[in-house]
Amino acid sequence: MRKVRYGSIIKVPFGPQHPALKEPENFMFEIDGDIVVGVHPRIGYNHRGIEKAFERRTYLQNIYLAERICGICSDAHTTCYTQAIENLLGVEAPPRARYIRVIIAELERIHSHGLWVGIAAHEIGFDTLFMYVWRDREVVMDLFETLSGNRVHYAMNTIGGVRRDIPADTVPKIKHGMDFLEKRLKYYLNVVQNEQTILKRTSGVGILKPKDAVELCAVGPTLRASGVKNDVRVDDPYAAYDEIPFNVVTHDGCDVLSRIIVRCEEMLESINIIRYALDHMPEGMIRVRVPMAVPPGETVSRVEAPRGELIHYAKSNGTTKPERYKVRSPTLGNIPALCKMLMGAHIADIPIVLAGIDPCFACMDRMTFIDDKTNKKWVWTMQQLRRKTRK
Amino acid sequence: MSLLKEALQRLFRKPVTLKYPFEKRPVPEGFRGRPVWDMRKCIGCGLCSNVCPSGAIEMVGKGLQSEIKHYVDRCMFCSQCVESCPRNAIKMTQEYELAGFDRSKMLYEYKREI
């Protein structure tokens, strides 16, 4: 605990009503004057029992459940889920399906990062940029609607491939959209780097040193904005990422500004990936038929979601339903790093630092115990969980 | 300041947004709207109600005497039923304005002509 300077430390609750993005989560701040000296996150407001629901549905139905863990990274979750189940089944998606997965994943990255840049601008009170970014993001949403039939839940992945092909006549449409977006994103990158409104609010705010970022297991753009080159797409390639050349964007500013720049540059990189994938997409079938029952086994699957490394764990017992399913979403990985960033911040900077990790609390919340009679809440340790499972 | 030019240019153009209930954007081909059943093709195998992840499809009766009840308030338009149907009896339409105040009105029944 730091030495008290202005007398007593005041506790300020932040949330659970929308601390950053429009999702419930509670942070208890210890404030000394105007400076944050202690952070206590309280997660679990959005617990929906998804992992239990996984155990009650068949593998086929779970694709759509996995998709609904998160509205924004819905494709990342299904890619991770189908990869895990394909692994258990011992099948592999055909080459064309793997390319289509890359295209959808990168389109999703553009739409997710675009959404975030808008939110970040809104958090610092710069609503003009928010409106313009979201207007241009509509291009991606329209492409999704054409490609998959829905703007948000694309339902493109299935176990053993993808459900819809990308027909030859939509390829020019995607390329046209990418040309437009590239022009706009370069403009926004220029705005972000030169606009005083943004620079004054974000540079030097929410510092996360590279050493801390690695020690606290930060993931995704938060880690890359601290200058650490780490990306599941390169470290452990899935889908067709091993055949596509691309750069891992890093920035060594370690602050919120570099998190904005990293995300903007990643969007430009995604555009290049999509162009390459469209040009080099092999012909052939898009899915293989798989049996309903999955042989017993367990597996872990990793995907680079727009927010960072996403981990799914699956355990099957030979029936048509999984025995255990576990999701570790990138936001949970970023929470310890977030607490570090918030230490020493001003009260006014809390929202933008919170939003800086691109939190998705709906993805994250899935493990608290609540006794509805006494209204008591607690968290179990690993040993307690083991003891319970042995009983 | 770099956004000022853009903002001024936009000021003299028409808004990007549509005035929704009066102006509607056409949905693209392949849009996943409300599914409809063609009961002349349906063989009553019950696959659609078995695969439905949200339990939105109910089969009443068996085989060729069966009826289909589709609770559109539970449906999440994943189109898995369309994919699983062995006779291509289900089609996704372009209908998407399905919101309402009464859940009991959101039931679509498909009966066979006798």
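Which residues of α2(A) are buried? The points below take this up, then move outward. The model is predicted.

1. **Helix α2(A).** The buried residues are A:Y59, A:Q61, A:N62, A:I63, A:Y64, A:L65, A:A66 and A:E67. That is eight of the nine residues of α2(A), so the helix is mostly covered.

2. **What covers α2(A).** Both chains take part. From chain A, the cover of the buried residues includes α1 (50-56), α3 (74-89), β4 (157-158) and β8 (322-328). From chain B, it includes α2 (47-51) and α3 (80-84).

3. **The contact between chains A and B.** Chain A gives 19 residues to the contact and chain B gives 17 residues. On the side of chain A that touches chain B, α2 (59-67), α5 (127-148) and α6 (171-194) each supply at least two residues. The largest share, six residues, comes from α5(A). By class, this side of chain A has seven nonpolar, seven polar and five charged residues.

4. **Helix α3(A).** This helix is one of the elements covering α2(A). It is itself largely enclosed by the rest of the structure, because 15 of its 16 residues are buried. From its first C-alpha to its last, α3(A) reaches 23 Å. The expected span at 1.5 Å a residue is 22 Å, so the two values are close. A:G90 follows α3(A), and its phi is positive, near 75 degrees.

5. **The three-stranded sheet.** In chain A, three strands form an open sheet in the order β1-β2-β3, with antiparallel pairing. β1 (10-14) and β3 (35-42) are the edge strands, and each pairs on one side only. Direction ignored, neighbouring strands of this sheet are turned by 25 degrees against each other on average.

6. **The β2-β3 pairing.** Strand β2 (residues 26-32) of chain A is joined to β3(A) by seven bridges, and the two run antiparallel. To check the register, start at A:N26: its bridge partner in β3(A) is A:R42.

7. **Residue A:P296.** Where does A:P296 lie? It sits in the loop between α11 (256-279) and β6 (297-305) of chain A. Is A:P296 buried or exposed? It counts as exposed, because it has 12 C-beta neighbours inside 10 Å, and the cut-off for exposed is 12 or fewer.

8. **Around A:P296.** Leaving out residues up to four places away in sequence, A:P296 touches A:S316, A:N317 and A:G318. A:L88 is 208 residues from A:P296 in sequence, yet their C-alpha atoms are 7.7 Å apart in space.

Notes: Residues numbered from 1 in each chain as written. Chains lettered and ligands numbered in written order. Predicted model: local features only at pLDDT ≥ 70, side-chain atom pairs only at ≥ 80, totals over all residues. Helix = DSSP H or I, 4+ residues; strand = E, 2+ residues; numbered from the N terminus. Buried ≥ 20, exposed ≤ 12 C-beta atoms within 10 Å, placed from the backbone. Contact = placed C-beta atoms within 7 Å. Nonpolar A, V, L, I, M, F, W, Y, C, P; charged D, E, K, R; others polar. Pairing = 2+ DSSP bridges. Axes fitted to C-alpha atoms, helices over the stretch in contact; angles between N-to-C directions.
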